[in-house]
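Hi everyone, thanks for making room for me today. I'd like to walk you through one structure, piece by piece, and you can follow along on the screen. Here it is.

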There are 2 protein chains.
Amino acid sequence: MPYRETEKMRNRKAQARRRIIECTQQCIAEGGFRNARVTSIAEGSGVATGTIYRHFESKEDLFAEIFRIATQIEVDKVAEALASEGNAVLRLERALRQFAVRALRSPTVAWALIAEPVDPKVEEERLKFRRAYAELLESAIEQGMAEGSLPQQQASRSSACLVGAIAESLVGPLSPSVANAQSLASNNDSQPLVDSIICFCMQGLTGNRR
Amino acid sequence: MPYRETEKMRNRKAQARRRIIECTQQCIAEGGFRNARVTSIAEGSGVATGTIYRHFESKEDLFAEIFRIATQIEVDKVAEALASEGNAVLRLERALRQFAVRALRSPTVAWALIAEPVDPKVEEERLKFRRAYAELLESAIEQGMAEGSLPQQQASRSSACLVGAIAESLVGPLSPSVANAQSLASNNDSQPLVDSIICFCMQGLTGNRR
DNA sequence: GGAAGAAATGAATAATGGTTCACTAGTTAC
DNA sequence: GTAACTAGTGAACCATTATTCATTTCTTCC
């Protein structure tokens, strides 16, 4: 057996894979999945195009992995916020606010995760992510109804309204432009924008003026 | 001058143009803009592919025209509902409900108009349509604030939330599937779905439990 | 019928961009 | 060093579709 994979090779491969992933993430941050060409990714990560295919079955698989990585972070953050202190209304508000602030900070990525059209395998990941999201929000809404802090409602529908209202306001076609959003995010001038969206959402959920 | 365009020819051309438009609309209703190939449109309208280009500069132009036709109808409907009787809250509710019911009745078209990725020229039309929409809703919200039926708020932001909440609920990735939606629409079982979305929206606007 | 022109045709072209694969370079173990 | 094998390469390939344009067919008017 004249050749056997060794630690050194494993590391080298892992590093190449990491570089490919990082470069893809950067391409996506710059212009969404649409902007991420296999050839540019290869060039950007210092490998040949063929090498991409030694690490990933196809472009779709690569994208699906990127998507999974990015969305897992978001789902975890929401889960964390929803697991914090206080009643369901407070926790929901924290989660939504965080979602909004994060989306505003990386609007292109947010758009890629939420709304950009993608290939079927990536869409499948998006669906999983959406369901995870929806389940988290729904169960928080149900807790709110059980504890009496929220009026009776169909949790799954409210959850869709919440996600839609925030997404449209922040990454929709009439939203503040990306340049604008970034300056907003760095200025911390985003507060009033996020506040008014969260206000709408919480009123929608609770039916109480704020 | 041995040839001069005559009424007969004008009619024939107009008819071909109409057939092209109708066939494109049908393709879009079946699977969005993405599903509308120039060659299928040509085949479906009984002309050669080249003929499409005697009627439209490019595919983008054809699509932009289709988009314009479809969205004008929607904007007019909303304008009509917003010009009806009653205070701003009542009129807004009518307009939103109608928007939701219409979207649910033709979910694929609604998706194409609202969310499907499209070429720049079509996107331009979408932006115009969105602005027209936003202006209508905003001015109604402002009337509501002036007459005291709505609390103070940033009309443009509320309007984005409204559109987002409805769009996500009805044509978002977790919305009832198209097949489902169509059976819903024909069953008139869509009432509770629309009701709960409108309830969320009106609470978000007014801050009053309903 | 025929001259002048317009309309229609559809096969060929072009652009885009993912994927392959014959080949080269590198790695391991003896 | 060399046999056995893997990793890496990138130009060629392929699929998909919009668009063009030389050619054919149809209209009009005399």
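Let's begin with the two protein chains. Chain B can be laid on chain A by a turn of 179 degrees and a shift of 0.0 Å along the axis, and the RMSD is then 0.1 Å. The two copies are therefore related as by a two-fold rotation axis. They also use the same surface to meet: 100% of the contact residues of chain B recur in chain A. Before I go on, please keep in mind that this is a predicted model.

Now, what does a single chain look like? Chain A has ten helices and zero strands. Reading along the sequence, you get α-α-α-α-α-α-α-α-α-α. The C-alpha trace of chain A spans about 70 × 40 × 30 Å along its principal axes.

Next, let's see how the chains touch. In the contact, 32 residues of chain B face 32 residues of chain A. Which helices of chain B each supply at least two residues to the side that touches chain A? They are α7 (120-147), α8 (155-171) and α10 (191-206). The largest share comes from α8(B), with ten residues. If you sort that side of chain B by residue class, you find 15 nonpolar, eleven polar and six charged residues.

Let's go inside chain A and look at some helix pairs. First, take α5, residues 88-105, and α7, residues 120-147: their axes come within 8 Å and cross at roughly 155 degrees. An angle over 145 degrees counts as roughly antiparallel, so α5(A) and α7(A) are roughly antiparallel to each other. The crossing of α5(A) past α7(A) is left-handed. Where do they meet? On the α5(A) side you can find A88(A), V89(A), R91(A) and L92(A), and on the α7(A) side A140(A), Q143(A), G144(A) and E147(A). By class, this contact holds four nonpolar, two polar and two charged residues.

Helix α7(A) has another partner to show you, α8 of chain A, residues 155-171. The axes of α7(A) and α8(A) come within 9 Å and cross at roughly 120 degrees, and the two helices are therefore oblique to each other. This time, α7(A) passes α8(A) in a right-handed crossing. From α7(A), the contact uses Y133(A), A134(A), L137(A), E138(A), I141(A) and E142(A), while α8(A) brings A155(A), S156(A), S158(A), S159(A), L162(A) and V163(A). Seven of these residues are nonpolar, three polar and two charged.

Finally, let's turn to the DNA. Strand C is surrounded by 28 residues, and the closest are T6(A), G50(A), K59(A), A48(B) and G50(B). Two or more residues of this surface come from each of α1, α2 (38-45) and α3 of chain A, and from each of α1 and α3 of chain B. The surface near strand C divides into twelve nonpolar, eight polar and eight charged residues.

And strand D? There are 28 residues around strand D too, with A48(A), G50(A), T6(B), G50(B) and K59(B) coming nearest. Here chain A gives two or more residues from each of α1 (7-31) and α3 (49-55), and chain B does so from each of α1 (7-31), α2 (38-45), α3 (49-55) and α4 (59-82). The surface near strand D has eleven nonpolar, eight polar and nine charged residues.

That's my tour, and I'm happy to go back to any part of it. Thanks for listening!

Key:
Residues numbered from 1 in each chain as written. Chains lettered and ligands numbered in written order. Predicted model: local features only at pLDDT ≥ 70, side-chain atom pairs only at ≥ 80, totals over all residues. Contact = placed C-beta atoms within 7 Å. Helix = DSSP H or I, 4+ residues; strand = E, 2+ residues; numbered from the N terminus. Nonpolar A, V, L, I, M, F, W, Y, C, P; charged D, E, K, R; others polar. Axes fitted to C-alpha atoms, helices over the stretch in contact; angles between N-to-C directions. Parallel < 35°, antiparallel > 145°, perpendicular 65-115°, else oblique. Left-handed = near helix turned anticlockwise from the far one by under 90°. Near = placed C-beta within 6 Å. Least-squares fit on C-alpha atoms with pLDDT ≥ 70 in both.
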